[in-house]
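Work through the exercises below with the model open. Try each task before you read its solution.

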Amino acid sequence: MSTLGKKLFQVKEFLLFQLKAGTKHSVHSPFVFELCERVFEDARSFHGFLEIAALRKQRSAETGKVKIIELGAGSKHNIDKERSVGDLVKHVAIPEKYGKVLFKLVDVLQPCSILEMGTSIGFSGLYLHKAKPSAPMISLEGNPFVAHIAKQHFDQLDANTITINVGDFSATLGESLESLKNVGLAFIDGNHTYAATIEYFEKILPYTDEHSCIIFHDIHWSEGMRRAWDEISGDSRVVFSIDLFEMGLIFFNKGVPKQHFLLKVK
Ligand SMILES: C[S@@+](CC[C@H](N)C(=O)[O-])C[C@H]1O[C@@H](n2cnc3c(N)ncnc32)[C@H](O)[C@@H]1O
């Protein structure tokens with residue numbers, strides 16, 4: 001699809017979401033209502049937010065270049081361009097609003113472990129880790145140059161217990177799952193294609209239990225991602241699915257009927 005076609009698709013998706021999405025007042029499930037109150041519609045601030053915001057501010061002015069490796073499905077992994085660190089902070093790192101959602105999700109769900117796919121320079125990883133530093137956390141990244149910067153950020157913010165496994169997801173995901181054994185929360189933010197997203201879902205699923213949550217970033221970014229999200233949220237093994245537009249969340253709670261929600265983040 002052309003760049004213009006993709007942009008038009010994203011605008012259409014956004015408008016449809018705005019029309020259909022609700023708030024806590026449209027939710028009857030006690031579990032999802034609590035998520036609305038304590039995550040999606042919660043205005044509290046935490047110490048971790050200030051530290052990460054300060055790092056974001058400091059690094060957004062950084063003009064030093066970093067090599068970018070294109071890691072799309074089937075690409076040849078050539079080093080073909082460079083971007084400034086400031087550019088990565090502004091355009092690749094998770095927006096602050098949704099970083100806070102990640103933090104609060106971890107704070108509420110208290111996952112036994114955290115898996116991140118797509119470290120980049122470490123911002124989403126910091127939000128995930130800071131909410132529960134005691135949870136074992138592995139973050140996967142295929143580009144060693146950005147992973148190196150993420151490591152510096154993790155050291156700077158006292159988050160050096162996060163393990164970064166560098167390599168293509170196809171090489172690192174299996175061993176990381178084996179090492180975590182049980183995935184409490186997974187955040188998938190890399191290789192946004194239909195096939196890869198379905199593949200990661202199927203690979204992570206055997207390592208989840210009824211308390212686990214899997215988060216897919218950029219579910220409305222392309223037709224392929226939208227198709228993957230529709231398939232995953234419709235899967236009979238998934239109990240609750242929550243579309244926040246920026247990301248989609250799935251849960252496996254036992255003993256409750258399957259339900260799908262579209263909810264606004266305030
Ligand atoms: C959108 S960025 C992640 C941003 C990060 N989660 C944040 O919010 O700060 C996606 C990252 O996934 C990595 N990636 C994409 N496909 C990959 C693959 N097949 N194997 C390993 N890493 C991959 C890219 O190198 C890139 O750094």
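Two residues are in contact if their C-beta atoms, placed from the backbone, lie within 7 Å. This is a predicted model: local features need pLDDT of at least 70, side-chain atom pairs count only at pLDDT 80 or more, and totals for chains, interfaces and linings use all residues. Residues are numbered from 1 along each chain as its sequence is written.

**Exercise 1. Place Met225 and find what it contacts.**

Solution. Start with the element: Met225 sits in helix α10. Helices (H or I, at least four residues) and strands (E, at least two) are DSSP runs, numbered from the N terminus. Next, list the contacts, leaving aside neighbours within four places in sequence: His192, Tyr194, Thr197, Asp218, Ile219 and His220. Take Tyr194: its C-alpha atom is 5.3 Å from that of Met225, though 31 residues separate them along the chain. Last, burial. A residue is buried if 20 or more other C-beta atoms lie within 10 Å of its own, exposed if 12 or fewer, and partly exposed in between. Met225 has 21 such atoms, so it is buried.

**Exercise 2. Which residues of helix α9 are buried, and which are exposed?**

Solution. In α9 (residues 194-204), the buried residues are Ala196, Thr197, Tyr200, Phe201 and Ile204. They lie on the same side of α9, because they cover an arc of only 135° around the axis. The arc is that of the directions from the helix axis to the C-beta atoms. On the other side of α9, Ala195 and Glu202 are exposed. Now look at the cover: over the buried residues lie, among others, β3 (114-117), α8 (169-180), β6 (185-188), β7 (213-217) and α10 (223-234).

**Exercise 3. How many residues of α6 are buried?**

Solution. Nine of the nine are buried, so α6 is largely enclosed by the rest of the structure. Among them are Phe123, Tyr127 and Lys130. Their cover includes α3 (47-60), α5, β3, β4, α7 (144-156) and β6.

**Exercise 4. Describe the shell around the ligand.**

Solution. A residue is near a molecule or strand if its C-beta atom, placed from the backbone, lies within 6 Å of it. There are 18 residues around the ligand, and Ile94, Gly118, Ser124, Gly142 and Gly190 come nearest. By type, the shell has eight nonpolar, seven polar and three charged residues. Both α6 (123-131) and β4 (137-141) supply at least two residues each.

**Exercise 5. Where is Leu244, and is it buried or exposed?**

Solution. Leu244 is in the loop between β8 (240-243) and β9 (247-251). It counts as buried because it has 20 C-beta neighbours inside 10 Å. Not counting residues up to four places away in sequence, Leu244 touches Phe40, Leu263 and Val265. Gly22 is 222 residues away along the chain, yet the two C-alpha atoms are separated by 9.9 Å.

**Exercise 6. Set Ser120 beside Asp158.**

Solution. Most residues other than glycine have a negative phi. Ser120 has a positive phi of about 50°, and Asp158 has one of about 55°. Ser120 is in the loop between β3 and α6. Asp158 is in the loop between α7 and β5 (163-166). Ser120 has 23 other C-beta atoms within 10 Å, so it is buried. Asp158 has 11, so it is exposed.

Key:
Ala, Val, Leu, Ile, Met, Phe, Trp, Tyr, Cys and Pro count as nonpolar, Asp, Glu, Lys and Arg as charged, and the others, Gly among them, as polar.
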